[in-house]
Amino acid sequence: MPRIYLSPPDLGDREPELVLEAIESNWITTLGPQVDAFERELAEVAGVPHAVALSSGTAALHLALVVLGIGDGDEVACSDLTFAASANAIAYTGATPFFVDCDETWTIDPELLDRAIAERRAAGASVHAVVAVDLYGQCCDYDALRVVCDRHEVVLVQDAAESLGATYRDAPAGGQGALAAFSFNGNKIITTSGGGMLVSRDRDLVEHARKLSTQAREPVAHYEHLEIGFNYRMSNILAALGRAQLETLDERVAARRRLRDRYRALLDGTPGISFMPEAGYGRGNAWLTCIVVDPALFGVDREAIRLALEAEDIEARPLWKPMHLQPVFASHATFGGKVSAGLFGRGLCLPSGSALTEEQQDRVVAAVLASRSAQVPG
Ligand SMILES: Cc1ncc(COP(=O)(O)O)c(C=O)c1O
């Protein structure tokens, strides 16, 4: 039986069609009609007017912070429970991330953020921005975060790498921060193999990011540079792939939500297994179905389940290891940390690809349940 992956690419007939169109048009580099169209279409889906297509979600986060003027000597608040890219992008600017734990939504805790910014400022830190991460396809509570950010006069950057297609209070994910970054890497809900998009309501910020993404070339015939730039643009071929994927975003969200609901139904009543809660303020895209395992009730811990799945050639992954537990960020200020650490210790992401069949899902569930007996000493 073929291996079941956590979240593999899901391609249709339109991808080769549009990629071929890009190749045949000879627009195969970092400019072209597919890039322009992908930017327009993605901006519309995200409910914002401006977008620039980039080489990765990390590049989008990095440029978001650069155009906000974040740099050496600054500190930036960051969700503790996230993938390292959120914090790495802060470090690239020369600023120092400090970490804020999540609440019961698994996203950054607004009250704790309030205290964290006040404390860092009282300690003399220069804090001008927050990177808030929409985790596993669930938006942060942006109304609450906006109040905190306004009170402290800090800018909110939305790490929407995982939340394309989700909503916050009926608005699409991507318009909640001053800037938002999407990722299209291979495991995301749509993929360009690798790629990202920076979006905003602020035209000037996006146009500045666009310029910085092509080595900050001035608009003159020769190569003139007034500031340090980057090589961060997306290629026209990859934008073609992204456009084809975006056409089926609604179906992809529906498929992932259906999978999550079916996991819930199949594991319903199993002692010691619970699911990531869906916050009442929005509708997640269910990018990954995440369970939390209580070993005392289930019989074995999440690592035993993961290994049992691996033995059946099924890929599952622990939740993100919180930033405050990462050796590279060990010396950074952290507020809270118990919630994220607890989730890391007990949480597991199950195979959630939009092309996963019910038969494959049954195999996953059977392996989860069988992991209990797999641990009985022989
Ligand atoms: C929360 C989060 N932020 C940022 C990124 C970075 O995106 P990319 O891999 O496209 O650089 C990812 C995904 O990899 C992510 O999950």
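## Enclosed cavities

The largest cavity in this structure has a volume of about 70 Å³. The model is a predicted one, so please read the volumes and contacts here as computed from that prediction. Which residues line the largest cavity? Tyr 136, Gly 137 and Gln 138 take part, as do Arg 260, Met 276, Pro 277 and Glu 278, and the lining also takes in Gly 284, Ala 286, Leu 288, Thr 289 and Cys 290. Sorted by class, that lining holds six nonpolar, four polar and two charged residues.

How many cavities of 30 Å³ or more turn up in a search of the whole structure? There are two. The second largest has a volume of about 30 Å³, and its lining consists of Gln 138, Cys 139, Thr 167, Ala 279, Tyr 281, Gly 282, Arg 283 and Gly 284. By class, three of these lining residues are nonpolar, four are polar and one is charged. If you have both lists side by side, you will find Gln 138 and Gly 284 in the lining of the largest cavity and also in that of the second largest.

## The largest pocket

Now for space that is open. The largest pocket has a volume of about 200 Å³. Its lining is made of 17 residues, and those nearest the pocket centre are Thr 58, Phe 83, Ala 85, Ala 161 and Ser 183. The classes of the lining come out as nine polar, five nonpolar and three charged residues.

Which helices each supply at least two residues of this lining? They are H3 and helix H4 (84-92). The largest share, three residues, comes from H3.

## H3 against H7

Helix H3 has a packing partner as well as a place at the pocket. The axes of H3 (residues 57-67) and helix H7 (residues 203-212) come within 9 Å and cross at roughly 115°, and the crossing is right-handed. On the H3 side the contact is made by Leu 63, Val 66 and Val 67, while H7 brings Leu 205, His 208, Ala 209 and Leu 212. Six residues of this contact are nonpolar, one is polar and none is charged.

## H1 against H8

Helix H1 (residues 14-24) packs with helix H8 (residues 236-246) at an angle of about 150°, and their axes are 8 Å apart. The two helices are therefore roughly antiparallel to each other, as angles over 145 degrees count as such. The crossing of H1 and H8 is right-handed.

In this contact H1 uses Arg 14, Glu 15, Leu 18, Val 19, Ala 22 and Ile 23, and H8 answers with Asn 236, Ile 237, Ala 240, Leu 241, Arg 243, Ala 244 and Gln 245. The contact of H1 with H8 has eight nonpolar, two polar and three charged residues.

## H9 against H13

The third pair to look at is helix H9 (residues 249-267) with helix H13 (residues 358-374), whose axes come within 11 Å and cross at roughly 40°. That angle makes H9 oblique to H13. What is the handedness of the crossing of H9 and H13? This crossing is right-handed.

From H9, the residues Leu 259, Arg 262, Tyr 263, Leu 266 and Leu 267 meet a set from H13 made up of Glu 358, Gln 361, Asp 362, Val 364, Val 365, Val 368 and Leu 369. By class, the contact of H9 with H13 contains eight nonpolar residues, one polar and three charged.

Key: Residues are numbered from 1 along each chain as its sequence is written. This is a predicted model: local features need pLDDT of at least 70, side-chain atom pairs count only at pLDDT 80 or more; totals for chains, interfaces and linings use all residues. Side-chain values use heavy atoms; hydrogens and water are left out. Axes are lines fitted to C-alpha atoms, for helices over the stretch in contact, and angles run from 0 to 180 degrees between N-to-C directions. Helices (H or I, at least four residues) and strands (E, at least two) are DSSP runs, numbered from the N terminus. A crossing is left-handed if the near helix is turned anticlockwise from the far one by less than a right angle, and right-handed if clockwise. Contact means heavy atoms within 4.5 Å. Ala, Val, Leu, Ile, Met, Phe, Trp, Tyr, Cys and Pro count as nonpolar, Asp, Glu, Lys and Arg as charged, and the others, Gly among them, as polar. On a 1 Å grid over the protein atoms alone, a cavity is a set of points where a 1.4 Å probe fits but cannot get out, and a pocket is an open set with protein on both sides within 12 Å along at least five of seven lines; lining residues have an atom within 4 Å of a point. Grid points are joined across faces, edges and corners, and a volume is the space filled by probe spheres set on the points. Angles under 35 degrees count as roughly parallel, over 145 as roughly antiparallel, 65 to 115 as roughly perpendicular and the rest as oblique.
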